[in-house]
Amino acid sequence: MAVNRIKHKVNHVSLVVDKSGSMRQHEGQLVRVVDEFVKGLQEESDRLGHETRISLYAFDHQVQNLVWDMDVKHLPSLKGLYQVDNGATALIEAAVKSVDDLKNIWEGYGEHSFLQVVVTDGEENASGCSESGQMHIRMNATQGAAVLRTWTDRIRTAMDELPDHWTSAILVPNSLAKRTAQEYGFPAGNIAIWDADSTKGVEEAIGTVKSAATSFLRGREQGVRGTKNLFTMGKDLSTADVKANLDALDAGAYTLIPVDEQIQIREFVTRSGHAYKTGCAFYELSKREKIQGAKQLAVAEKDPATGKMTGRVFSGPAARQLLGLPQSEVTVKPGENPSYTVFVQSTSVNRKLVPGTKLLVLR
């Protein structure tokens with residue numbers, strides 16, 4: 001007789017964090033915001049009825065596993081576990097170890113997905129040090145290049161061989177590091193840049209990770225088990241979610257105005273024949289932006305065939321949560337969604353609008 005079995009969703013999240021000497025200025029703050037990140041995973045997993053398990057790694061010239069595949073509900077604070085040393089940056093070795101370790105998890109029952117996120121404030125300079133006891137950048141040129149090439153080949157192979165239900169992402173400090181991460185095999189949509197020199201940098205970085213992880217968990221409800229667009233917002237927004245969670249605005253309550261030049265927002269609104277009131281205008285999310293925690297969001301329907309907006313607009317208090325945004329400031333970039341365009345409330349009078357986009361103005 002056939003046996004019916006509940007196929008529950010199991011998420012394995014691996015957070016791989018730099019602890020080299022340059023991270024010392026962020027040590028205390030990192031502990032706090034990672035704890036908040038874990039709390040967010042707990043709450044979202046409970047809401048969705050998922051089982052989420054977390055692994056934590058820290059690396060300088062050595063790679064340490066701090067927590068191994070633990071139920072996120074039982075994870076203690078990172079305090080006492082994460083400590084910055086005066087070491088170098090074995091970035092590749094840390095990423096490869098995290099992948100290799102998680103590949104040993106048995107997936108016989110349940111529907112498993114894997115999410116790895118690496119956070120670094122520097123670039124690779126020490127992978128292989130655990131084997132040779134010497135940083136490859138301090139070896140002679142020929143030997144050092146050979147060691148680096150070996151590890152570069154290892155991470156490219158690891159990334160290329162990841163199954164579809166694996167997502168590997170990285171936060172890096174600058175554009176050069178982003179290009180290097182792409183060379184390692186991280187998908188462009190899974191690479192984000194964070195401000196490693198700012199006192200708010202860690203908070204914004206983990207906020208980005210938290211937003212992405214929330215979107216990842218919600219995507220699982222739509223059947224998405226892996227993504228190459230982790231750090232883009234709105235890509236996986238579904239019609240069912242929008243209609244179930246947001247309110248359709250009355251047709252007479254707003255207007256969508258095409259932007260034909262780079263112009264300040266207040267001037268554009270008044271020139272279009274509308275009174276400008278703080279918060280009445282929403283700009284189309286068309287590039288990487290910082291979105292403050294108090295900002296409202298809206299989504300406009302568009303025709304999947306033509307990409308043109310049909311005029312129906314949805315908004316409401318649940319919009320931030322639906323799009324995976326925390327109630328704090330976060331940096332996001334837009335994802336390409338065939339059915340919706342995201343709009344962000346502006347409270348400025350001099351924001352420069354982007355030609356070729358639209359402005360949503362509430363009447």
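These entries record what I looked up in the predicted model.

**Basis.** I worked from a predicted model, in which local features need pLDDT of at least 70, side-chain atom pairs count only at pLDDT 80 or more, and totals for chains, interfaces and linings use all residues. Residues are numbered from 1 along each chain as its sequence is written, and side-chain values use heavy atoms, without hydrogens and water.

**Sheet.** I looked up the strand order of an open sheet (strands are DSSP E runs of at least two residues, helices H or I runs of at least four, numbered from the N terminus; two strands pair if DSSP finds at least two bridges between them). Its 6 strands follow the order β3-β2-β1-β4-β5-β6, with mixed pairing. β3 (63-71) and β6 (191-193) stand at the edges with a single partner strand each, so one side of each has no neighbour in the sheet. The twist averages 15 degrees from one strand to the next (axes are lines fitted to C-alpha atoms, and angles run from 0 to 180 degrees between N-to-C directions). I then noted that β2 (residues 51-59) runs antiparallel to β3, joined by 6 bridges; Y57 stands opposite N65 in β3.

**Helix α2.** I checked α2 (residues 91-102), whose 12 residues reach 17 Å from first to last C-alpha, close to the expected 16 Å (1.5 Å times one less than the number of residues). In α2, 10 of the 12 residues are buried (under 20% relative accessible area with a 1.4 Å probe, protein chains only). Among them are E93 and D101.

**Largest pocket.** I looked up open and enclosed space on a 1 Å grid over the protein atoms alone (a cavity is a set of points where a 1.4 Å probe fits but cannot get out; a pocket is an open set with protein on both sides within 12 Å along at least five of seven lines; lining residues have an atom within 4 Å of a point). The largest pocket has a volume of about 430 Å³ (the space filled by probe spheres set on the points). Its lining has 29 residues, with S215, R218, G219, D241 and L322 nearest the centre. α6 supplies the largest share, 6 residues.

**Cavities.** I found 4 cavities of 30 Å³ or more. The largest cavity, of about 90 Å³, has S215 and M233 among its lining residues. α6 gives the most to this lining, with 4 residues. The second largest cavity holds about 60 Å³, and its lining residues include E284, K287 and R351.

Note on methods
Buried < 20%, exposed > 50% of the residue type's maximum accessible area, 1.4 Å probe, protein only.
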